Amino acid sequence: MSQDTNFKDTPLKASLKVDTKYAYCTCGKSDKFPYCDGTHREEGGQPIKFTVKGNTDAWVCQCGKSGRKPYCDGSHQQ
Ligand code: FES
């Protein structure tokens, strides 16, 4: 993990709400990590925009290695 990013070795359990637009941070520089705060405009990169079909709890990737971002796929354990 780079010291100048907010990537972590554990996922975030998040309560995601229907009718909410989320933007998952892929640059790791957001102060709202794992959600985008616009910092990528200075650093490069693009957020992943997503919504959910119903209110749900989900594990959100914080290591940046998941193959199914924004969700955790267990890659942080490898
Ligand atoms: S701040 Fe990281 S992708 Fe937007």
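Is Cys25 buried or exposed, and what is its relative accessible area? In this predicted model, Cys25 has a relative accessible area of 3% and is therefore buried, the cut-off for that class being under 20%. The surroundings of this residue are taken up again below, after an account of the chain as a whole.

The chain contains one helix and four strands, and from the N terminus on these elements follow one another in the order β-β-α-β-β. Strand S1 comprises residues 12-16, strand S2 residues 22-24 and helix H1 residues 40-43, while strand S3 covers residues 48-50 and strand S4 residues 56-60. Taken along the principal axes, the C-alpha atoms fill a box of roughly 35 × 30 × 20 Å. The radius of gyration of the chain is 12 Å, and because a compact globule of 78 residues would have a value near 12 Å, the two agree. Of the 78 residues, 36% count as buried. Where contacts between residues at least 6 apart in sequence are considered, 52% of them join residues at least 24 apart.

The surface that the chain exposes amounts to about 5,100 Å², of which carbon and sulfur atoms supply 44%. With regard to charge, the chain carries 12 positive and 9 negative side chains, and the centres of these two sets are separated by 7 Å.

A search of the whole structure for aromatic pairs finds four of them. In one of these pairs, the ring centres of Tyr22 and Tyr35 lie 6.0 Å apart and the ring planes stand at 35°, so the pair is classed as tilted. This pair links distant parts of the chain, since Tyr22 belongs to strand S2 whereas Tyr35 is placed in the loop between S2 and helix H1, 13 residues apart. The two partners fall into separate accessibility classes: Tyr22, at 13% relative accessibility, counts as buried, and Tyr35, at 21%, counts as partly exposed. Tyr22 also forms an aromatic pair with Phe50, and here the arrangement is stacked, with 5.2 Å from centre to centre and 20° between the planes. Because Tyr22 lies in strand S2 and Phe50 in strand S3, this pair ties together parts of the chain that are 28 residues apart in sequence. Phe50 has a relative accessible area of 9% and is therefore buried. Taken together, ring pairs link Tyr22, Tyr35, Phe50 and Tyr71 into a cluster.

The buried residue Cys25 is located in the loop between S2 and H1. When neighbours within four places in sequence are left aside, Cys25 is in contact with Ser30, Phe33, Pro34, Tyr35 and Cys36. One of these contacts, Tyr35, is also a member of the aromatic cluster. By contrast, the C-alpha atoms of Cys25 and Thr56, which are 31 residues apart along the chain, are separated by 20 Å.

A second cysteine, Cys72, is found in the segment after strand S4, and its relative accessible area of 16% means that Cys72 is buried. Not counting residues up to four places away in sequence, Cys72 touches Pro11, Trp59, Val60, Cys61 and Ser66. Between Cys72 and Val52, which are 20 residues apart in sequence, the distance from C-alpha to C-alpha is 15 Å.

Several features of the backbone remain to be described. Most peptide bonds are trans, and most residues other than glycine have a negative phi. A cis peptide bond nevertheless joins Phe33 and Pro34, with omega of about 15°, and Pro34 is situated in the loop between S2 and H1. Both Phe33 and Pro34 are among the residues in contact with Cys25. The peptide bond from Lys69 to Pro70 is likewise cis, with omega near 15°, and Pro70 is placed in the segment after S4. At Asp19, a residue other than glycine, phi takes a positive value near 65°. Asp19 belongs to the loop between S1 and S2, and at 78% relative accessibility this residue counts as exposed.

Methods. Residues numbered from 1 in each chain as written. Predicted model: local features only at pLDDT ≥ 70, side-chain atom pairs only at ≥ 80, totals over all residues. Heavy atoms only, no water. Helix = DSSP H or I, 4+ residues; strand = E, 2+ residues; numbered from the N terminus. Rg over C-alpha atoms; globule rule 2.2 N^0.38 Å. Buried < 20%, exposed > 50% of the residue type's maximum accessible area, 1.4 Å probe, protein only. Contact = heavy atoms within 4.5 Å. Areas by Shrake-Rupley, 256 points an atom, 1.4 Å probe, with all protein chains shown as cover. Lys, Arg positive; Asp, Glu negative; His and termini not counted. Charge placed at Lys NZ, Arg CZ, Asp CG, Glu CD. Phe/Tyr/Trp six-rings, centres within 6.5 Å; stacked < 30°, edge-to-face > 60°.
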